[in-house]
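Here is a short note for someone opening this model for the first time. Please keep the structure in view while reading.

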Amino acid sequence: MKVENGKWKTENGKLKIWGKFFLAAGILSGGLLFASCDTLQDSLSSEQKADLIEETGSASIAGKVWYYDGISTTDFSKTEGASLAVSFSKKTAMVGTREITDDGDIIYNYELSGSLTSNYISKTGQSSSVVTKISGGKIILDSVSSPVVSVSAGSMSADGRTFRLNMTPIAYLLDAETVNGNVIDSVEIKLNGFVCDEGKQKGRAIAALSQKIAVKPFYDNETITDGIVFTTISSTLGKVISIPTKGSVGLTSDAKIEFSSDDSAASTLSSSNFALGTDSNAITISCAEELKGKTFSGSFKISGFVPELNASSYTRTFKVNFEPVYVTLDGLLDEKAWSEDAVTSTDSYANPENYNLSKVYVTNDSKNLYVAVEGNFAFGAGDRIILMIDNTSSSETGKSNSDGGYNNYYGPATNSSFSGVDFYLSNILATPEMQDYKWISDAPGRTDMATSATSSRENIIEYKIPLSIIANATSGNNLKVFAAVTSYAWTTINEMTLRDCVPSASATVSDGGQSLAIDFSKGLSYIVKAGD
């Protein structure tokens, strides 16, 4: 046996690898070091020990969320080949031993140990855990199948700075039949069996890693099931199709995009007409072809994109619907309708902490009114966005809350000229991540015909409201728009806390903050225009 170019090689050129997934990269890069390190002297001072840790290096996971290739309504078990990047501050090797067989093959046995504790939440809110052991460099799947199945725990990168922890076995634990509908919430990771591989401390053990991270799907359900809508109402040359993701995303050096479509309107298009990129929390596809006015659907197979904390890439096919729509509900506000046609207001309170509603946009096409609210929406589970619209051209103006019960929903909108509203929406943000929405279904004026979309950047929400449900609003009607963020239930004035609103002049607080009046005459004024 001999070493050539820094790599182990047997006389007959054979190399035997123990494990299934990722071991080869670490072995061939010289990532294996045999156990032979000195123990620390108990007499070292705390400062000396800190310096020693600095020189030896440490393991860490550079983030709080690991995203799997899926959506919340599908099994995590669909994920394949996924890995988590464990980073090292110094060049590192895996502890292990080697043996030479009678045939001259080399077998590497890793001493990596630890556990993966998967924490679940049931539909009723109860929590449970499943512990998966790591031993001898393998993940033992004895809690899933019989007989016991073991797979490689992962591999070390060529530079010794990243260990690719194999997360595929975690997916096995989320098989629908195994967990009975439970949802994974987090994974507690414990790893031991690494040594420093550079400098004076080469061969010294690195402290075991112990870290808890959240586990979430990488896409919204709508992104995968319904596809992305890209508007072709105006020029598309150089415009970007944005596929929102739950976390930041990068591309490998060999990432690529493949376009296909069965639609005759796309018969002249190929992959060369599109370019792949990324933006903040989004995969982007740039158009190098003019598609103005066209209507068709296409599929983009994208390979080589890497979610946050992943040490390996994913490949997935995304559906894109090309339509000449006025506004696409994607939370990006990149259409001409928002930049050139919308009426806006920035008249809000002075940036209250965690509840800043900084701007409201209003525009319309021939059928729908579009409202976008922008701000720092660091909301808790009980907080919500309130949107009220009054059509001053409607015969119902001033009469729509004559029923005293309406005030339980609308709040004290008591101005004599605009005492009622024609549309009311209470949008509860069920999670701080703004992933789930709940509607107040029994609020007057609220119907399921109104839809919304949140920004992937979590600071913009767009709403599409049919003009027909705003007292049959038509071209030339004057709408008064009021938006707010609130805490607690907006049922009676004593149970509602106004955090911020636009326009702020519409709201008058009195009685030491105990009373609130909303004056719609001072709301954002919008004249419905003839739609395209």
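The points below cover one pocket and one sheet.

1. Basis. This is a predicted model, where local features need pLDDT of at least 70, side-chain atom pairs count only at pLDDT 80 or more, and totals for chains, interfaces and linings use all residues. Residues are numbered from 1 along each chain as its sequence is written, and side-chain values use heavy atoms, with hydrogens and water left out.

2. The pocket. The second largest pocket holds about 320 Å³ of space. It is lined by 22 residues; Thr231, Ser234, Lys239, Glu335 and Lys336 are the closest to its centre. (A pocket is an open set of points on a 1 Å grid over the protein atoms alone, where a 1.4 Å probe fits, with protein on both sides within 12 Å along at least five of seven lines; lining residues have an atom within 4 Å of a point. The volume is the space filled by probe spheres set on the points.)

3. Its lining. Strand 18 (228–231), strand 19 (240–244) and helix 6 (336–341) each give two or more residues. Strand 18 gives the most, with four. By type, the lining has nine nonpolar, six polar and seven charged residues. (Helices, H or I of at least four residues, and strands, E of at least two, are DSSP runs numbered from the N terminus.)

4. The sheet. Four strands form an open, mixed sheet in the order 18-24-23-20. Strand 18 and strand 20 (249–260) are its edges, each pairing on one side only. (Two strands pair if DSSP finds at least two bridges between them.)

5. One pairing. Strand 20 and strand 23 (296–307) run antiparallel over eight bridges. Lys256 has Ser303 in strand 23 as its bridge partner.

Conventions
Ala, Val, Leu, Ile, Met, Phe, Trp, Tyr, Cys and Pro count as nonpolar, Asp, Glu, Lys and Arg as charged, and the others, Gly among them, as polar.
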